[in-house]
Every structure is written in C-alpha cells, then in structure tokens.
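Thanks for making the time this morning. I would like to walk through one model with you, going from individual helices to the surface around the RNA, so please have the structure open as I speak.

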Amino acid sequence: MGLRFLNTLTRTVEPFVPLDPAGREVRMYTCGPTIYNYAHIGNLRSYMFEDLIHRHLELRGFTVKRVMNITDVDDKTIRDSRRAGLSLGAFTEVYLQAFYEDLKTLRIKPADAYPRATSSEYIERMIRMIATLIERGHAYQAEDGSVYFRISSFPAYGRLANLDLDELRPSGRVASDEYEKESVADFALWKAWDEADGDVGWESPWGRGRPGWHIECSAMATALLGDQLDIHCGGVDNIFPHHEAEIAQTECCTGVPFVKYWLHGEHLLVEGQKMSKSLGNFYTLRDLLDKGWSGREVRFALLRVNYRLQLNFTFAGLEDARTALGRIDEWVARLTDHARAATGPESHPAFEGERFEAALDDDLNISAALGVLFEAIRETNRALDAGILTPGQARAGLDWWSRLNHVLVLDTEAAAIPAVVTALLEERQQARLAKEWKRSDELRDQIAALGWEVKDTKEGVKLTKKAA
RNA sequence: GGCGGGGUAGCCAAGUGGUAAGGCCGGGGUCUGCAAAACCCCUAUUCGCGGGUUCGAUUCCCGCCCCCGCCUCCA
C-alpha cells in the first residue's frame, strides 16, 4: 500500500498520484493566516497538519512546491488597523512577522512562497480573472457596485461540501447590504469601496474597491502553481464556502479541474470546549511560551493526534507531551553514548523496514507512527539493559531516529553547558569521590539554581537543562 | 432539517472478521550515599446501546442514544 489520502472531494481514501507525469513534483497550496492578530493554537494546529503533509511527502521522495497565502486585507484587518490608527500595511506587518516567528518556533517547514493579497501583481491578476468571469457570464456587477459570482452558472457548486444548495437553511448571517445579489448564495469577487474602508482600495473596471477573500486564493494559487494543483488544504471550516468558491471561480476561468486532492484538518477544542475569548480558553503560542512551555512541546502536543480528529488541547496534555519527549530524549542520549564505540551501523529488527513511514502513508496516521517509535524505544531500552544491543545497532537506531525527524522534528537542540556549571559539576564529582555528601548536595543545589539538573546514573553523571 | 466527524481503560489514542498498538497517570521492581531521574514489569475478557449476519464482531448490516462541527467570508 502506498501513500494515500482522504480526499474531501470524493470522501474516500485515494492513492496519491501527483499530476506531474514524472510522478515526483507535488504542487501544494495551503490556506494561510489573515494577519489581524497573533495566530491562536487552533490556527497553528492547521499549519502543523500542513507541515506534516509537506514533510511526509518529502520523506517519501517527492519534491514539494508549496505556497501559503497571506491575507492582508479583509474586513478585520481594515477595521482593526483603523482602530489602531495605523495604515493597513503597518498594522499587518506586525502580525506577519509574529506569524513567521511562530512557524519557526513550532519548527514548521517554510513554504516556498508567501504571496500577499495586496501585492499589485496579484490584485491585477484578480481583476483579470473577475473580468474573464463577467465575460463568460459567471459574474455580474450588482447595484451596490460589487461584483458577485453567479453560482447558478456553475452546477458543480456545492459538490466539495456535499451541500444541496436548494436546501440551504438561511442562517441569518447574510449581510443586509447584499440584497442586490441575484441569489443569496452568490459570493463577492470584488467589493465596492465604502466609508468603512478608509484609504484602502484599488481602482478597477468596476470602480474603487477591494478583492473578495475567495478570489485571492484562486489568483495566487494559479499564478504560482499553475492552473492545476495536486493538494490544497486548510481547516474544515474552509470547505464551505471558501474552497467551494475557489473551485467555482478557478475552474470557470481555466476550464480544467483545479485541485486533485483536498485535505482538511479538524479544529481543536480547549479543555473540551470550543476555544473562545469569552470562555478564557483562548491561547496564542506566545501565551504558552510565557507559561514555560517550549515550541517543541507544543509541536508534539499539536502533532500527536490525527489531523482528522478534533484535538482536545489541555494543559494535562502538554504535561503528557513533556514527559513523553523526556522519554525520547533519554533514549536518544543512551543510544548516543552507546554508539560511540561503533564502527558502523548494524541491523536491528526495531529499525528495519518502513513501519513508521507506512503508518504515515495511511492518510498521515501519526498516532500509529508514534506507536512504532515508542515500541522501538522500549525494545531497544530492554536490549540495552540486557547488554545485548551492539554499538553498531545503537548507531543504526540514531540513523533511524534521524530519518523519523525529517517528519517529526522533535530532536533537542543541544543546550550549551555554561562553564560555571561545568566547574561546579567537576567540584561535585571530587566531593563525591571523597564521600563528602553534604558538600556534594550543596553543589547540586547550586547547579540547580543555575537551571541545570544533575542526575547520577549508572552510566555516570548527567546534566539536563531544566524546562523554563 | 441537510451534510460531515466522533463515541475503545482515569486521560489522550491506534486498530482488526478470530478475540484489544502506543503515550500519560497509577501499582510493583531494578539502580542509587541520598535525592532525582532513568529503565523494566503490571494495569480494558472488553471497544456508546439494542438487534441481526457469522463457527466467531469492537471490527459487517439494521435501528437507537449521546457529543462536536459546518450550512455564506471562523484554522
């Protein structure tokens, strides 16, 4: 069984075969952030899921060309920049930089491009696409000056979300100023300027205004990746209407199927409830860092549950992640020590085959993949205890771990040990040899005060940097 | 009302027509000057409920209950 994904479009698990005739290059588009605030952990979970796809495709030998859009103009960015008394660009720049930092902290692999909706080249492209849609009868300008997509002109509209448009229940969320539309379900391609937009706006054949959200992705995706993509992903909430709209617009412009595989990540809950500011369970990455959690710990906590399941994010779960990572770290440290005497890798059953990769091949089954890792850890710890693991096998284990890390990226950064700590540790060793236990314990306390934990293990003294 | 996801040990969670991976917690042990850590072992006759098919179902079918999400710009 090769790599396969659950495709939202067909609601079945399908073998992954890229459009590239050579079968190597994968074109992937991932819906990025609207930069009007710091990303919250729910947003970040989606980016983690996209990172997992990206990295696993690479592990499987594909060359991934990935684009993530940056929405830097919409109702919220305009509203909040005006409240802040800043220009739209100055306002969004802060959150854009914060977003890049968050990705780095979580060890998320950068996309090849982060196109911004306000770039003139993309605005122009959007205008051209809208003009094409109007020419072909797929769009019209309404009395309010805005341009809307005519969904009745695209029979496949609703297919991705599996919605029967005739049975749509009015949700009461339809803005009252959109009564000029032919059908309530028609969506905006170009929004006519109004006072709330302030100085934000671009000239177009339909007057001053700004692009609708959906057309942004269609323009940037096709500009950078071509008319047809292999993979397009985002959160489940994007299925309808956003991705549905993207399909309609794009296919009406290009005449070919837009995306081969649609993948959608589930949302997360916090302590069993929907995350919301009013419940006080709304967290950004920096909130968690401030509480002493590391990016690596958050990465693991967000990564360990399969992307199609709602993930219940809890502090107990973070504790869990911290302990489990500690177990991995100890194992890596043991293997590293043991492998020093190795001349080369020697095979060991725990590291043979591709069970880890095979688990991820199955629609990114990370839980099963981590199961493979922890089984290997237990098995080789047992062998180390029994003294039957060879240094060469330990070396093979480290090589295996390194391969897994192409996807997991859970290796520790080796923290440099300050000279003071080394000196204190040396002094303590002398005290211990002299059986001066009181002195030894004092020194241990001093080292602890500097943020390092001393452990006297069978293999000798070990130093660990304590979590902040 | 329509559409989708899910209900597996205290918590998180994988999985299969043949009798339940893994992580955390808990219990026991090894090691240790002490401490801490680490490591090992143990921990679900049972998979929301009721039927059915089957030699056998948690896994297939039917019905029901519960939770979560989407149904026009929220990852």
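In helix α3 the buried residues are Leu88, Phe91, Thr92, Tyr95, Leu96, Ala98, Phe99, Asp102 and Leu103, and I should say at once that this is a predicted model. An α-helix has 3.6 residues a turn, so residues three or four places apart point the same way. The helix itself covers residues 88-105, and its 18 residues reach 26 Å from the first C-alpha to the last, which is close to the 26 Å expected at 1.5 Å a residue. What covers those buried residues includes α1, β4, α2 and α7. Just after α3, arginine 107 takes a positive phi, of about 65°.

Let me turn to α9, which has 25 residues and reaches 36 Å from its first C-alpha to its last, close to the 36 Å expected for it at 1.5 Å a residue. Its buried residues include Leu318, Leu325, Ile328, Trp331, Arg334 and Leu335, and the buried residues of α9 pack against α7, α8, β13, α11 and α12.

On the α11 side, I would pick out asparagine 381, which is found in that helix. Is asparagine 381 buried or exposed? Its relative accessible area is 15%, and because the cut-off for buried is under 20%, asparagine 381 counts as buried. Leaving aside its neighbours within four places in sequence, asparagine 381 is in contact with Trp331 and Arg334, both of which are among the buried residues of α9. With arginine 334 there is also a polar contact, side chain to side chain, at 3.1 Å.

A second polar residue worth a look is serine 204, in the loop between β7 and β8. Serine 204 likewise counts as buried, at 15% relative accessibility. Not counting residues up to four places away in sequence, serine 204 touches Ile127 and Trp190, and its side chain makes a polar contact of 3.3 Å with the side chain of tryptophan 190. Serine 204 is 10 residues from aspartate 194 in sequence, with 14 Å between their C-alpha atoms.

Now to the whole chain and the RNA. Chain A is divided into domain 1 (4-265), domain 2 (273-408) and domain 3 (419-465), and the centres of domain 1 and domain 3, taken over C-alpha atoms, are separated by 56 Å.

Which residues come nearest to RNA strand B? Of the 59 residues around the strand, they are Ala185, Gly235, Asn238, Glu375 and Asp385. The surface near the strand divides into 16 nonpolar, 18 polar and 25 charged residues, and its largest share, nine residues, comes from α11. Other elements that each supply at least two residues include α1, β7, β9, α9, α13, α14 and β14.

On the RNA side, 63% of the atoms of strand B within 4 Å of the protein belong to sugar or phosphate, and the rest to bases. As an example of the sugar or linking oxygens, one is 2.5 Å from a polar backbone atom of glycine 235. For the bases, a backbone N or O atom of serine 367 lies 3.3 Å from a base nitrogen, while an N or O atom in the side chain of aspartate 441 is 2.9 Å from a base nitrogen of the strand.

That is where I will stop, and I am happy to take questions.

Key. Residues numbered from 1 in each chain as written. Chains lettered and ligands numbered in written order. Predicted model: local features only at pLDDT ≥ 70, side-chain atom pairs only at ≥ 80, totals over all residues. Heavy atoms only, no water. Domains from an automatic or database assignment. Near = heavy atom within 4 Å. Polar contact = N/O pair within 3.5 Å; in protein donor to acceptor, adjacent residues only side chain to side chain. Helix = DSSP H or I, 4+ residues; strand = E, 2+ residues; numbered from the N terminus. Nonpolar A, V, L, I, M, F, W, Y, C, P; charged D, E, K, R; others polar. Expected span 1.5 Å × (residues − 1). Buried < 20%, exposed > 50% of the residue type's maximum accessible area, 1.4 Å probe, protein only. Contact = heavy atoms within 4.5 Å.
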